[in-house]
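Take the sequence together with the coordinates and follow the fold from its open space to its interior. The account below moves through pockets, cavities, ring pairs and cysteines.

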Amino acid sequence: MVPRRVEAAPDHGAVVPLLERAGHTVHALTLTGLRPDDDEATVATANLDTHADDVLRLLDRAGITGATLVGHSYGGMVISAAADRAAGRVARMVHLDAYVPRDGESCWSSTTERFREVFAAGAAATGYAVRPPGGGDPRRRPHPLASFLQAARLTGALARVPRREFVYCSGWEDRTPFAELRGRLLADPGWRVHDLPTGHDAMREAPDAVAALLLDERNADAARPVPEER
């Protein structure tokens, strides 16, 4: 595999060194409104367009072409919006247990009622930032509510990204908002769908399997446990 720059979501800390050892340049981007020094006004006004622009500025600044964009969870909205505007600089998109919007869809409209209730409850204290649920990664920060609400405006350029992949994490099937999305993408010949037997935070639970999938999907397939015969 020819070394390629990879744009990774900020929570891929355990995966990044595995990709770098394989010869890739990895940019782990912290989005506007999620940085430790962002003030209240920045958090309150950051939306999906803001985050897509974060990615595009990085591509411009680093002179990146042939990029692989990796988005986890809400990050799937971001890489979709960014790739749509990237003028052919994106060669591959990997939605790691992440939303894959169609034109006019938002994270809010794409998720389940359960998660809309979580978003609303998390934003009750400020009205503009969604507090992360208890437990989980201590690095998580309140997330700009506007980014969940803004609809993606897509031109159709995503269909020209050569490789489009979706990773379904099957270890939380009682709560996942992505089961219907998995079915939709399995029926779409333009997408490759992978399953990983992890919870939502696959990059923390199984960094080796995630890295293998990003480097070569055949390795990722081989990393999956083989079900016992009964």
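A pocket is an open set of grid points with protein on both sides within 12 Å along at least five of seven lines, and its volume is the space filled by probe spheres set on those points. In this predicted model, the second largest pocket holds about 250 Å³ of space. Its lining has 14 residues, and those closest to the centre are Ser110, Pro177, Glu180, Leu181 and Arg184. Helix H8 contributes the most to this lining, with 4 residues. By residue class, the lining of the second largest pocket consists of 6 nonpolar, 4 polar and 4 charged residues.

The chain around this pocket can be described in outline. The protein chain contains 11 helices and 8 strands. Of its 230 residues, 51% are buried. Among contacts in the protein chain with a separation of 6 or more, 66% are between residues 24 or more positions apart.

Enclosed space comes next. Rolling a probe the size of a water molecule over the atoms shows where empty space is left. The whole structure has 2 cavities of 30 Å³ or more. The second largest cavity has a volume of about 30 Å³, and the residues that line this cavity are Val94, Leu96, Val167, Leu196, Val210, Leu213 and Leu214. Two elements, S4 and H10, give two or more residues each to this lining. The largest share, 3 residues, comes from H10. How does the lining of the second largest cavity divide into nonpolar, polar and charged residues? It has 7 nonpolar residues, with no polar and no charged ones.

Helix H10, which spans residues 207-215, is itself mostly covered, since 7 of its 9 residues are buried. Those buried residues are Pro207, Ala209, Val210, Ala211, Ala212, Leu213 and Leu214. Val210, Leu213 and Leu214 therefore appear both among the buried residues of H10 and in the lining of the second largest cavity.

The aromatic residues give another view of the interior. There are 6 aromatic pairs in the count. One of them joins Tyr74 and Phe148 edge-to-face, with 5.5 Å from centre to centre and 75° between the planes. This pair links distant parts of the chain, 74 residues apart: Tyr74 is in the loop between strand S3 (67-73) and helix H4 (75-85), while Phe148 is in helix H7 (residues 145-149). Tyr74 counts as buried because its relative accessibility is 7%, under the 20% cut-off. Phe148 is buried too, because its relative accessible area is 6%.

A further pair is formed by Tyr99 and Phe178, whose ring centres lie 4.8 Å apart with the planes at 65°, so this pair is edge-to-face. Tyr99 sits in the loop between strand S4 (90-98) and helix H5 (107-110), and Phe178 in the loop between strand S7 (163-169) and helix H8 (179-186), a separation of 79 residues along the chain. Both Tyr99 and Phe178 are buried. Ring pairs also link Tyr74, Trp108, Phe119 and Phe148 into a cluster.

The cysteines remain. A disulfide is a covalent bond between the sulfur atoms of two cysteines. The search of the whole structure finds 0 disulfides. Are Cys107 and Cys169 buried or exposed? Cys107 counts as buried because its relative accessibility is 0%, and Cys169 is buried with a relative accessible area of 0%.

Definitions and conventions
Residues are numbered from 1 along each chain as its sequence is written. This is a predicted model: local features need pLDDT of at least 70, side-chain atom pairs count only at pLDDT 80 or more; totals for chains, interfaces and linings use all residues. Side-chain values use heavy atoms; hydrogens and water are left out. A disulfide is a pair of cysteine sulfur atoms within 2.5 Å. Buried means under 20% relative accessible area, exposed over 50%, partly exposed in between (1.4 Å probe, protein chains only). Rings of Phe, Tyr and Trp (its six-membered ring) pair if their centres lie within 6.5 Å; planes under 30 degrees apart count as stacked, over 60 as edge-to-face and the rest as tilted. On a 1 Å grid over the protein atoms alone, a cavity is a set of points where a 1.4 Å probe fits but cannot get out, and a pocket is an open set with protein on both sides within 12 Å along at least five of seven lines; lining residues have an atom within 4 Å of a point. Ala, Val, Leu, Ile, Met, Phe, Trp, Tyr, Cys and Pro count as nonpolar, Asp, Glu, Lys and Arg as charged, and the others, Gly among them, as polar. Contact means heavy atoms within 4.5 Å.
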